[in-house]
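Here are some worked exercises to go through with the coordinates open. Try each task yourself before you read its solution.

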Amino acid sequence: MARISRSAATCYGVGMTPPAPSPQDLLETLKQVKYPGFSRDIVSFGLIKDIQVGAAGVTVELATTSAKQHAIDEIQTEVERVLAEATGLPVNVTVHESRPSGPTPGAADGPRGRRPIDGVQHIVAIASGKGGVGKSTVAVNVACALAATGHRVGLLDADVYGPSVPTMLGLDGQPAVRQDRRIVPIEAFGLKAISMGMFLSDRAPVIWRGPMVTKLITEFFRNVEWDELDYLILDLPPGTGDAQLTVAQQVPLAGGVIVTTPQDVALLDVKRGITMFQQVETPVLGVVENMSYHLCSGCGHRAEIFGHGGGQSMAQQLGVPFLGEIALVPEIRARGDRGEPIVVGAPDDPHSRPFFDLAGAIDAQVTERAAGVVTH
Ligand SMILES: Nc1ncnc2c1ncn2[C@@H]1O[C@H](COP(=O)(O)OP(=O)(O)O)[C@@H](O)[C@H]1O
Ligand SMILES: [Mg+2]
């Protein structure tokens, strides 16, 4: 049985069966298969662990570091298709799960005493230069989109000044606290959530002093029973100052996303966000422009009230990915207010699409980085 090594070239005449292609040839063929969501192919990603060609057909072993079942399924189907087409032989693809050794590269006890959270693979922080730009809307919808696409997801509302996650997820219960003082997160739409809002009986604004906030966040990081999570989405308090930094530096972050609006396309704000993530050695996964334009629900007219394209050119200027734009539509706010995020209540609505795309882009980048493909 041939393995990955080029077989000797042979001549064959009319009527003779052509020789089986070599595994090396098939490796070349597999370069047509792109990793879902990327322009790079699965071979350059290092996903092909073994190829064997024998009388019974072709056997391919894929090594994945991804928890994304849908991506694996897609790759598997594509591999089967292109190899069957190229060889005319039966193709058998096996998937060998080789999870990255750590939750996120550099996640082990790192600088500044950052400690991973047991059982949590990747922590992604959502930040913004100021409040009211839709940070929580993005955090909640991305978390739900990740959960809907087969990931185990937690959502931690670290915005102790204006926690809106309970409202947006329609939760009004209080989390149980076990005898060992572990807090049990509340489940909604396939994800686990915890928020300061859940600990406020009347949801009245509370003046939290700095040390209290820090203590509380530490409690959330260390004492919540998340169990096993692929992603923990962190809804950071608005701003990019010391308070946010204190939160962000307690745990190893897989990446940070910065939410902005066209009217807030203050280069400086996003720059500050990037600087904040750099200070905690966290890659910036990209910038999202929310309330980018207004779509008239009646006539479909797209009104670019605050101008357009600022987020994209700004991201380009700052050398970070642009992760897309989300329209200002009453549907998004209304569903947030009634506790049923748009990606859950209306997944097929065109306005849900950018959130799913955003979740996919985050997942792809984090997966790529965890696999060690991206090193910067
Ligand atoms: N794309 C959008 N279209 C319509 N309303 C939005 C959109 N994004 C956010 N909102 C609304 O704007 C308000 C502020 O959003 P929120 O996510 O709470 O912001 P932040 O967390 O940054 O303070 C909320 O009422 C929310 O429903
Ligand atoms: Mg918020």
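**Exercise 1: the ligand**

An oxygen atom of ligand 1 sits 2.8 Å from a polar backbone atom of K135. Keep in mind that this is a predicted model. Task: find which other polar contacts are listed for V133 and N290, then work out how much of ligand 1 the protein buries.

Solution.
- Step 1. Start with the backbone. A polar backbone atom of V133 is 3.2 Å from an oxygen atom of ligand 1.
- Step 2. Go on to the side chains. An N or O atom in the side chain of N290 lies 2.9 Å from a nitrogen atom of ligand 1.
- Step 3. Now the area. Ligand 1 on its own exposes 560 Å², and 83% of that is buried by the protein.
- Step 4. Look at the surroundings. There are 17 residues around ligand 1, and those that come nearest are G132, K135, S136, T137 and A327.

**Exercise 2: T137**

Task: T137 is one of the residues that come nearest to ligand 1. Say where T137 lies, and decide whether T137 is buried or exposed.

Solution.
- Step 1. Place the residue: T137 belongs to helix α3, residues 135–148.
- Step 2. Apply the cut-off. Buried means under 20% relative accessible area. T137 has 17%, so T137 counts as buried.
- Step 3. List its contacts. Leaving out residues up to four places away in sequence, T137 touches M168, I332 and F355.
- Step 4. Check one of these pairs. T137 and I332 are 195 residues apart along the chain, with 8.2 Å between their C-alpha atoms.

**Exercise 3: two helices, one face each**

Task: for α7 and then α8, work out which residues are buried and what they pack against.

Solution.
- Step 1. Get the length of α7. Its 13 residues reach 18 Å from first C-alpha to last, close to the 18 Å expected at 1.5 Å a residue.
- Step 2. Pick out the buried residues of α7: D269, V270, G273, I274, M276 and F277. Down the helix axis they fall within an arc of 155°, so they line one face of α7.
- Step 3. Turn to the other side of α7, where L268 and Q278 are exposed.
- Step 4. Find the cover. The elements over the buried residues of α7 include β4 (120–128), α6 (242–248), β9, β10 and α8.
- Step 5. Repeat for α8, residues 310–318, where G311, M314 and A315 are buried. These buried residues fall within an arc of 100° seen down the axis, so they line one face of α8.
- Step 6. Q316 and Q317 are exposed on the other side of α8, while its buried residues pack against β9, α7, β10 and β13.

A reminder for reading such patterns: an α-helix has 3.6 residues a turn, so residues three or four places apart point the same way.

**Exercise 4: G256**

Task: say how accessible G256 is, and which residues G256 is in contact with beyond its neighbours in sequence.

Solution.
- Step 1. G256 is found in strand β9.
- Step 2. The relative accessible area of G256 is 0%, so G256 is buried.
- Step 3. Setting aside neighbours within four places in sequence, the contacts of G256 are A125, F277, T282, P283, V284, L285 and G286.
- Step 4. For a distance, take G273, a buried residue of α7. G256 and G273 are 17 residues apart in sequence and 8.9 Å apart in space, C-alpha to C-alpha.

**Exercise 5: positive phi**

Task: find where F189 and D227, both with positive phi, lie in the chain.

Solution.
- Step 1. Recall the background: most residues other than glycine have a negative phi.
- Step 2. F189 is not a glycine, yet its phi is positive at about 50°. F189 lies in the loop between β6 (186–188) and β7 (191–195), and is partly exposed at 34% relative accessibility.
- Step 3. D227, also a residue other than glycine, has a phi near 65°. D227 lies in the loop between α5 (210–223) and β8 (229–235).
- Step 4. Check the helix ends too. E281, which follows α7, has a positive phi near 50°, and G319, just after α8, has one of about 70°.

Note on methods
Residues numbered from 1 in each chain as written. Chains lettered and ligands numbered in written order. Predicted model: local features only at pLDDT ≥ 70, side-chain atom pairs only at ≥ 80, totals over all residues. Heavy atoms only, no water. Buried < 20%, exposed > 50% of the residue type's maximum accessible area, 1.4 Å probe, protein only. Helix = DSSP H or I, 4+ residues; strand = E, 2+ residues; numbered from the N terminus. Arc of directions from axis to C-beta. Contact = heavy atoms within 4.5 Å. Near = heavy atom within 4 Å. Polar contact = N/O pair within 3.5 Å; in protein donor to acceptor, adjacent residues only side chain to side chain. Areas by Shrake-Rupley, 256 points an atom, 1.4 Å probe, with all protein chains shown as cover. Expected span 1.5 Å × (residues − 1).
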